[in-house]
Amino acid sequence: MNLNLEKKVFLVSGGAKGIGEAISRTIATEGGIAVIIDPSIEAGENLIQELSSKNQTAYHIPMRLLDPDQAMDAVNMAVSRFGRIDGIVNNAGANDGIGLEQGSPVAFRKSVEQNLGHYYDLVHFALPYLKKSFGSIVNISSKTAITGQGNTSGYTAAKGAQLSLTREWAVELLPYGIRVNAVIPAEVMTPLYQRWLDTFDHPEEKLNLIQSRIPFENRMTTPQEIANTVVFLLSDLSSHTTGQHIFVDGGYTHLDRAIGRE
Ligand code: NAP
């Protein structure tokens with residue numbers, strides 16, 4: 001199947017590591033151009049070099065999206081370099097553990113702002129270009145938006161809002177032929193996930209326990225499995241799919257976790 005991504009330009013926030021890295025790689029492998037907005041200079045530049053050695057195209061904007069002006073700058077840089085934007089993958093985020101007890105009103109607001117604000121900002125500033133290209137938007141949310149996790153009010157509030165905005169934007173952008181979908185991971189081994197695992201006394205045991213509860217094959221979802229679904233949603237092959245919340249989680253959120261266990 002041809003995804004028809006050749007020469008199309010996609011912004012990927014947090015696109016240098018973890019899930020975002022797999023998405024950037026997959027866009028480039030399919031002939032598209034990944035514009036990676038990520039603060040990690042080393043990871044970003046290594047990825048660009050590796051892809052260009054395979055005649056694939058990606059562009060790194062070394063930036064942590066914190067305020068609207070930065071999102072505007074990132075959009076302008078992408079357009080001045082490539083002249084178009086065909087899609088956005090809102091992916092950057094961090095589970096920062098701001099809870100009711102271990103948190104504060106100020107920390108809660110900051111967490112929501114940092115996990116949610118740039119999702120809106122990138123789409124807002126890129127909209128004129130997405131209208132021209134009949135673009136596609138994919139929001140990466142989290143199963144914590146559906147199940148809760150405990151001790152992470154800011155992150156889950158932002159992740160839930162991303163699902164609401166997926167529906168809201170899908171409606172608002174119907175007249176322009178722009179599709180908007182969300183992909184919901186649960187357990188994916190990434191630098192972020194490893195940092196979280198390392199907060200436990202026995203990370204290996206914790207990982208084994210989690211994997212034993214993932215119904216399909218008792219294993220983590222790979223970043224590539226998330227990327228495959230995201231890139232499908234960016235592509236013309238998903239041309240009648242919009243406003244959807246798609247769980248790529250081995251059944252973790254919805255299936256009976258007792259199934260298949262001793
Ligand atoms: P990750 O390993 O931390 O990679 C994310 C990348 O985004 C990092 O390079 C990070 O840079 C960068 N980043 C963070 N905040 C940014 C910002 N404001 N602007 C630009 N770049 C930023 O994370 P991941 O596990 O791949 O998670 C990616 C997305 O998936 C997140 O939205 C997360 O909520 C969601 N998710 C992940 C899992 C999972 O199991 N991994 C489960 C559910 C949902 P720094 O490292 O310098 O901060």
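Helices are DSSP runs of at least four residues, numbered from the N terminus. In this predicted model, helix H7 contributes the most to the shell around the ligand, with 4 residues. Two or more shell residues also come from each of helix H1 (18-29), helix H4 (105-133) and helix H6 (153-172), alongside helix H7 (191-197) itself. The shell draws on both domain 1 (9-186 + 223-246) and domain 2 (189-220), with at least three residues from each.

The surroundings of the ligand comprise 29 residues, of which Asp 38, Asn 91, Tyr 155, Val 188 and Thr 190 come nearest. Classified by residue type, the shell consists of 15 nonpolar, 8 polar and 6 charged residues.

Polar contacts to oxygen atoms of the ligand involve both backbone and side-chain atoms of the protein. A polar backbone atom of Asn 91 lies 2.6 Å from a ligand oxygen, and a polar side-chain atom of Arg 64 is found 2.8 Å from an oxygen atom of the ligand. For Lys 17, the distance between a side-chain N or O atom and a ligand oxygen is 3.4 Å. The ligand taken alone exposes 880 Å², and 93% of that area is buried by the protein.

Asn 76 is located in helix H3, which spans residues 68-82. The C-alpha atoms of Asn 76 and Phe 125 are separated by 8.6 Å in space, although the two residues stand 49 positions apart in sequence. The relative accessible area of Asn 76 is 38%, and this residue is therefore classed as partly exposed, a category lying between the buried limit of under 20% and the exposed limit of over 50%.

Technical notes: Residues numbered from 1 in each chain as written. Predicted model: local features only at pLDDT ≥ 70, side-chain atom pairs only at ≥ 80, totals over all residues. Heavy atoms only, no water. Near = heavy atom within 4 Å. Polar contact = N/O pair within 3.5 Å; in protein donor to acceptor, adjacent residues only side chain to side chain. Areas by Shrake-Rupley, 256 points an atom, 1.4 Å probe, with all protein chains shown as cover. Nonpolar A, V, L, I, M, F, W, Y, C, P; charged D, E, K, R; others polar. Domains from an automatic or database assignment. Buried < 20%, exposed > 50% of the residue type's maximum accessible area, 1.4 Å probe, protein only.
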